[in-house]
Amino acid sequence: MTDLQIYCEHKPSPAKLDVLGVEDWAVWKKEPSTFPWRYDRAETCYVVRGRFHVTPAGGETHTFSRGDLITFPAGMECTWEVVEPVEKHYRFD
């Protein structure tokens, strides 16, 4: 699974978010917690608030927070650690 990469753009332009239609995506909220996760499909999300760490199986920990536009690859197994309550818009591709 080490060939699966997470892509992150910090503070994309409002125009880019508008073109992507982020405001129309579903919303996910989570209080501080730690849990395993597997992405069956690629997910793109935009973090509205909060802070969290994602550690892919056998990989390095990534930290994300408000203003990050992130793409998680299909097939990635990871552990999420929500440090501050999270709210994000998301879509599966």
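Glu9 touches Lys16, Gly67, Asp68 and Leu69, leaving aside residues up to four places away in sequence. That is a good place to start looking around this structure, which is a predicted model. Try finding Glu9 in the viewer: the residue belongs to strand β1, which covers residues 7–10.

What does the side chain of Glu9 do with the side chain of Lys16? The two side chains make a polar contact, at 2.5 Å. Is Glu9 buried, exposed or something in between? Glu9 counts as partly exposed because its relative accessible area is 30%, and partly exposed residues are those between the 20% limit for buried and the 50% limit for exposed. For a sense of scale, you can also pick out Val86, which lies 77 residues from Glu9 along the chain. The C-alpha atoms of Glu9 and Val86 are separated by 17 Å.

**Cysteines and disulfides**

How many disulfides are there? The count comes to 0. Cys8 is in no disulfide, and the nearest cysteine sulfur, that of Cys45, is 8.5 Å away. Cys78 is in no disulfide either, with the sulfur of Cys45 again the nearest, at 11 Å. To follow the reasoning, you need one cut-off: a disulfide calls for a pair of cysteine sulfur atoms within 2.5 Å.

Now look at how much of each residue can be reached from outside. Cys8 has a relative accessible area of 41%, so this residue is partly exposed. Cys78 has a value of 5%, and therefore Cys78 is buried.

**Strands that pair with β7**

Next, turn to strand β7, which spans residues 77–92. The table lists three strands that pair with β7, together with one pair of facing residues for each.

| Strand | Sense of pairing with β7 | Bridges | One residue pair |
|---|---|---|---|
| β2 (residues 26–30) | antiparallel | 5 bridges | Lys29 and Glu87 |
| β3 (residues 33–38) | antiparallel | 6 bridges | Ser33 and Val82 |
| β4 (residues 43–56) | antiparallel | 12 bridges | Cys45 and Tyr90 |

You can trace these pairs one by one in the structure. Starting from β2, Lys29 has Glu87 of β7 as its bridge partner. In the pairing of β3 with β7, Ser33 stands opposite Val82. For β4, which is joined to β7 by 12 bridges, look for Cys45, which stands opposite Tyr90. You have met Cys45 already: its sulfur is the nearest cysteine sulfur to that of Cys8.

Notes: Residues are numbered from 1 along each chain as its sequence is written. This is a predicted model: local features need pLDDT of at least 70, side-chain atom pairs count only at pLDDT 80 or more; totals for chains, interfaces and linings use all residues. Side-chain values use heavy atoms; hydrogens and water are left out. Helices (H or I, at least four residues) and strands (E, at least two) are DSSP runs, numbered from the N terminus. Buried means under 20% relative accessible area, exposed over 50%, partly exposed in between (1.4 Å probe, protein chains only). Contact means heavy atoms within 4.5 Å. A polar contact is a pair of N or O atoms within 3.5 Å; within protein, one must be able to donate a hydrogen and the other to accept it, and residues adjacent in sequence count only if both atoms are side-chain atoms. Two strands pair if DSSP finds at least two bridges between them.
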